[in-house]
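Here are a few worked exercises to try with the model open in your viewer. Have a go at each task before you read its solution.

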Amino acid sequence: MRLAAVQYRPPWGRPEEGREGLVRLVDRALAAKADLVVCPEMATCGYVFESADELRPHAEPARGRTFELLSERARASGAWIVCGFPEVDAEGLYNSAMVIGPSGELRDCYRKMLLYELDTTWATAGARRSFLQMPGATLSTGICMDLNDNAFALHLASKRPDIVAFCTNWLDEGHDILPYWRWRMMGWRGWFVAADRWGEERGTRFYGRSAILAPGGEVVAMAGATGDAVVLADASI
């Protein structure tokens, strides 16, 4: 199975433009024959919003325009696509990740459960974990701060998914994050596909370095600290 992590800096507050750039990178991953493409957290419009009112114009339903564009590509390629986006429904706003199956169907819409302080200005926490059966593999989705949640670590240790699709906007705090990531996942062995954003937004700097880790934590592919990119790895599952 070929895994792909998309690294992307979306333009803040311009989701139509953001989707255009995102789709170009997804197309690049699919042209490289990726079977699973993972995109960053909040991949259409940026991440740092001061209130629900500020974020709401950029949010969309789970089967909104981003889904339509990615569903078409999943169906044409037979690939799975996981993408972070700001979700709106009748109940409220969520920091979510859509999971699109190879027939273009919405297989899951996972809502981030452990909110970071920048989420709490607008988002409602989700209430359930994600675990799906793929052909020959199982998949769980997590979003950024979830990796700090002991309940997420227990989910991985108990369900033992073959792959974790990790949509993130990990902050750059001036140190190597890989030892911490490995420590948080040490009760689980599987493929970890971390799609991060890069650059600075409203004074917040992001880590970049999107990566694919093999079972045991070995880095088999990694992007640079800056720049849009697609990283690929072939996984034996």
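**Exercise 1. Place Arg73 and find what it touches beyond its sequence neighbours.**

Step 1: Start with the address. In this predicted model, Arg73 sits in helix 3.

Step 2: Look for contacts, skipping residues up to four places away in sequence. That leaves Val23, Asp27, Leu30 and Ile81 as the residues Arg73 touches.

Step 3: Check one of these pairs along the chain. Arg73 and Val23 are 50 residues apart in sequence, and their C-alpha atoms are separated by 9.0 Å.

**Exercise 2. Test whether the end-to-end distance of helix 3 agrees or disagrees with its residue count, then work out what its buried residues pack against.**

Step 1: Helix 3 covers residues 65-77, which makes 13 residues.

Step 2: The expected span is 1.5 Å times one less than the number of residues. For helix 3 that gives 18 Å, and the end C-alpha atoms are 19 Å apart, so the two agree.

Step 3: List the buried residues of helix 3: Thr66, Phe67, Leu69, Leu70, Ser71, Arg73 and Ala74. A bit of helix geometry is handy here: an α-helix has 3.6 residues a turn, so residues three or four places apart point the same way.

Step 4: Find the packing partners. The buried residues of helix 3 pack against helix 1 (15-31), strand 3 (80-89), strand 4 (92-100) and strand 5 (106-111).

Step 5: Step off the end of the helix. Just after helix 3 comes Gly78, with a positive phi of about 75 degrees.

**Exercise 3. Are Met98, Thr141 and Thr44 buried or exposed, and what does each touch?**

Step 1: Take Met98, in strand 4. Its relative accessible area is 0%; the cut-off for buried is under 20%, so Met98 is buried.

Step 2: Collect the contacts of Met98, again leaving out residues up to four places away. Among them are Thr66, Phe67 and Leu70, which also appear in the list of buried residues of helix 3. Met98 also touches Ile81, Val82, Cys83 and Phe85, as well as Leu106 and Asp108. As for Cys39, 59 residues from Met98 along the chain, the two C-alpha atoms are 9.9 Å apart.

Step 3: Move to Thr141 in strand 7 (residues 137-143). With a relative accessible area of 1%, Thr141 is buried. Beyond four places in sequence, its contacts are Val82, Ala97, Val99, Tyr110, Ser130, Phe152 and Ala165.

Step 4: Finish with Thr44, which belongs to the loop between strand 2 (36-38) and helix 2 (52-55). Despite being in a loop, Thr44 is buried, at 0% relative accessible area. Its contacts beyond four places include Pro10, Pro11, Pro15 and Pro86, along with Arg14, Arg19 and Thr66.

**Exercise 4. Describe the hairpins formed by strands 4 and 5, 10 and 11, and 12 and 13.**

Step 1: Strand 4 and strand 5 pair antiparallel over 5 bridges. Ser96 stands opposite Arg111. There are 5 residues between the strands, and Gly104 in the turn has a positive phi of about 85 degrees.

Step 2: Strand 10 (residues 198-201) and strand 11 (residues 204-207) run antiparallel, joined by 4 bridges. Gly199 has Phe206 as its bridge partner. Here 2 residues separate the strands, with Arg202 in the turn at a positive phi of about 50 degrees.

Step 3: Strand 12 (residues 211-213) and strand 13 (residues 219-222) pair antiparallel over 3 bridges. Ala211 is partnered by Met222. The hairpin has 5 residues between its strands, and Gly216 in the turn shows a positive phi of about 100 degrees.

**Exercise 5. Where are Arg160 and Arg209, and what is the phi of each?**

Step 1: Recall the background. Most residues other than glycine have a negative phi.

Step 2: Arg160 goes against that, with a positive phi of about 50 degrees. Look for it in the loop between helix 4 (150-159) and strand 8 (163-167).

Step 3: Arg209 has a positive phi too, near 55 degrees. Arg209 lies in the loop between strand 11 and strand 12, and at 26% relative accessibility it counts as partly exposed.

**Exercise 6. Characterise the largest pocket by its volume and lining.**

Step 1: The volume comes out at about 200 Å³.

Step 2: The lining has 13 residues, with Tyr116, Asn148, Trp170, Leu171 and Glu173 nearest the centre.

Step 3: Sort the lining by type: 8 nonpolar, 3 polar and 2 charged.

Conventions. Residues numbered from 1 in each chain as written. Predicted model: local features only at pLDDT ≥ 70, side-chain atom pairs only at ≥ 80, totals over all residues. Heavy atoms only, no water. Buried < 20%, exposed > 50% of the residue type's maximum accessible area, 1.4 Å probe, protein only. Contact = heavy atoms within 4.5 Å. 1 Å grid on protein atoms, 1.4 Å probe; cavity = no way out; pocket = protein on both sides within 12 Å on 5 of 7 lines; lining within 4 Å. Points joined across faces, edges and corners; volume = space filled by probe spheres on them. Nonpolar A, V, L, I, M, F, W, Y, C, P; charged D, E, K, R; others polar. Pairing = 2+ DSSP bridges.
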